[in-house]
Amino acid sequence: MTTLVFGHKSPDTDSTGSPIIWAWYLNEIEGHPAEPVLLGEPSSEAAFMLQRWGLDKPRILSDLEAGQKVVIVDTNNPAELPDTINDADIRAIIDHHKLVGGLETRGPIEITVRPLACTATLMHELMGDAAARMPEAIKGAMLSCILSDTLEFRSPTTTPADKALAEELAADLGVSIPGYAAEMFAAKSDVSAFSDAELLRMDSKEYEVGGKSFRVSVLETTSPETVLARKDGLVAAMPAVAAEDGVDQVLLFIVDILREEATMLVPNDLTRQVAEKSFATVCGDADTVVLPGVMSRKKQIIPNLTL
């Protein structure tokens with residue numbers, strides 16, 4: 001049986017590229033039939049990566065059959081996976097996020113969770129000497145994943161291992177990191193084709209804090225003014241997205257990659273309470289608040305959320 005390799009819903013660059021990378025490894029190095037799949041449409045930056053390196057867009061998984069062999073990458077959170085994930089035959093988990101709990105396996109499996117900025121970096125470590133056999137397109141995907149997750153090394157999640165590997169891959173590929181990262185971030189910043197609801201779900205994760213459930217959404221951009229120009233529409237879409245997704249509130253953080261800060265929308269008392277208690281700030285009557293130095297959901301937003 002072919003093993004399906006996939007990441008989380010609302011696939012960003014890492015959750016699009018890492019399934020491709022690991023499916024290549026299983027097929028070409030381990031000799032095990034594997035297929036990368038997605039749990040939704042890739043982000044604009046992920047789509048750019050696929051086009052730039054001539055990679056086929058993985059098919060979008062519509063139904064996960066009971067007993068299907070799967071490898072889960074870039075998440076271990078059941079809320080970010082198919083509803084029937086525990087009916088599948090989970091063979092491995094490769095991730096760089098905190099453990100959430102709730103996944104069930106049919107037997108002992110390989111689980112690798114390391115404090116790196118990017119799943120692709122972890123995969124390179126797992127490959128060992130076999131990493132030297134990666135073709136150009138797989139190296140390009142790996143470089144893209146690292147630059148995306150580290151925001152070109154600006155994110156506080158960046159480790160020396162992530163940076164060293166990105167520099168090695170870029171040298172191998174003859175790619176300028178600043179130039180290529182600028183192309184990636186330009187693609188990431190072009191959100192004109194997405195509805196307000198799609199933007200709120202584009203790069204988001206569900207978390208519970210103090211008895212309240214939140215969809216924590218992050219939009220990383222080099223053009224924050226373009227997103228903020230749509231503030232009224234985004235705020236208006238929040239209640240419907242929250243209701244449809246079964247959460248109490250959507251929290252939206254617009255990360256300015258170049259200024260290294262985040263703007264959080266605070267349209268109501270609940271979001272204002274979250275902002276003030278979580279980030280030691282005062283919102284007043286404003287419907288946005290700037291959070292200097294905040295770049296990472298994983299390291300700076302989620303760990304600080306409180307009510």
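Two strands pair if DSSP finds at least two bridges between them. The strands themselves, like the helices, are DSSP runs numbered from the N terminus, with at least two residues (E) for a strand and at least four (H or I) for a helix. With that in hand, let us walk through this structure.

This is a predicted model, in which local features need pLDDT of at least 70, side-chain atom pairs count only at pLDDT 80 or more, and totals for chains, interfaces and linings use all residues. Residues are numbered from 1 along each chain as its sequence is written, and side-chain values use heavy atoms, with hydrogens and water left out.

**Strand β5 and its partners**

Start with β5 (89-95). Six of its seven residues are buried, so β5 is largely enclosed by the rest of the structure. Here, buried means under 20% relative accessible area, exposed means over 50%, and partly exposed lies in between (1.4 Å probe, protein chains only). Strand β4 (residues 69-73) runs parallel to β5 and is joined to it by five bridges; there you can find Val 70 opposite Ile 90. β6 also pairs with β5 in the parallel sense, over four bridges, and Ile 93 faces Ile 111 of β6.

Ile 111 appears again at the surface, where Leu 99, Ile 111 and Val 113 make a nonpolar patch of about 280 Å². Such a patch joins nonpolar side chains (Val, Leu, Ile, Met, Phe, Trp, Tyr) within 5 Å, or like charges within 9 Å, using residues with over 30% relative accessible area and no salt bridge. The areas come from the Shrake-Rupley method with a 1.4 Å probe, and for residues only the protein chains shown count as cover. Leu 99 sits in the loop between β5 and β6 (110-113), and it is exposed, at 64% relative accessible area.

**A five-stranded sheet**

Further along the chain, look for an open sheet with the order β7-β8-β9-β10-β11 and mixed pairing. The edges are β7 (204-209) and β11 (288-292); each has a single partner strand, so one side of each is left without a neighbour in the sheet. On average, neighbouring strands of this sheet are turned by 25° against each other, direction ignored. Helix α9 (residues 231-245) packs on the sheet and touches β7, β8 (212-221), β9, β10 and β11, its direction making about 135° with that of β9. Contact here means heavy atoms within 4.5 Å, while axes are lines fitted to C-alpha atoms, for helices over the stretch in contact, with angles from 0 to 180 degrees between N-to-C directions.

Inside the sheet, β9 (residues 249-256) and β10 (residues 261-265) run antiparallel and are joined by four bridges. Phe 253 stands opposite Met 264 in β10.

**Salt bridges**

The structure holds 19 salt bridges, each a side-chain nitrogen of Lys or Arg within 4 Å of a carboxyl oxygen of Asp or Glu. Here are some of them:

| Salt bridge | N to O distance |
|---|---|
| Arg 215 and Glu 206 | 2.7 Å |
| Asp 245 and Arg 215 | 2.8 Å |
| Lys 231 and Asp 287 | 3.2 Å |

Asp 245 lies in helix α9 and Arg 215 in strand β8, so this pair ties together parts that are 30 residues apart in sequence. Arg 215 is buried at 10% relative accessibility, whereas Glu 206 is partly exposed at 25%.

The bridge between Lys 231 and Asp 287 links distant parts of the chain, with Lys 231 in helix α9 and Asp 287 in the loop between α10 (269-279) and β11, 56 residues apart. Asp 287 counts as partly exposed, at 35% relative accessibility. Finally, salt bridges that share partners join Arg 201, Glu 206, Arg 215, Glu 244 and Asp 245 into one network.
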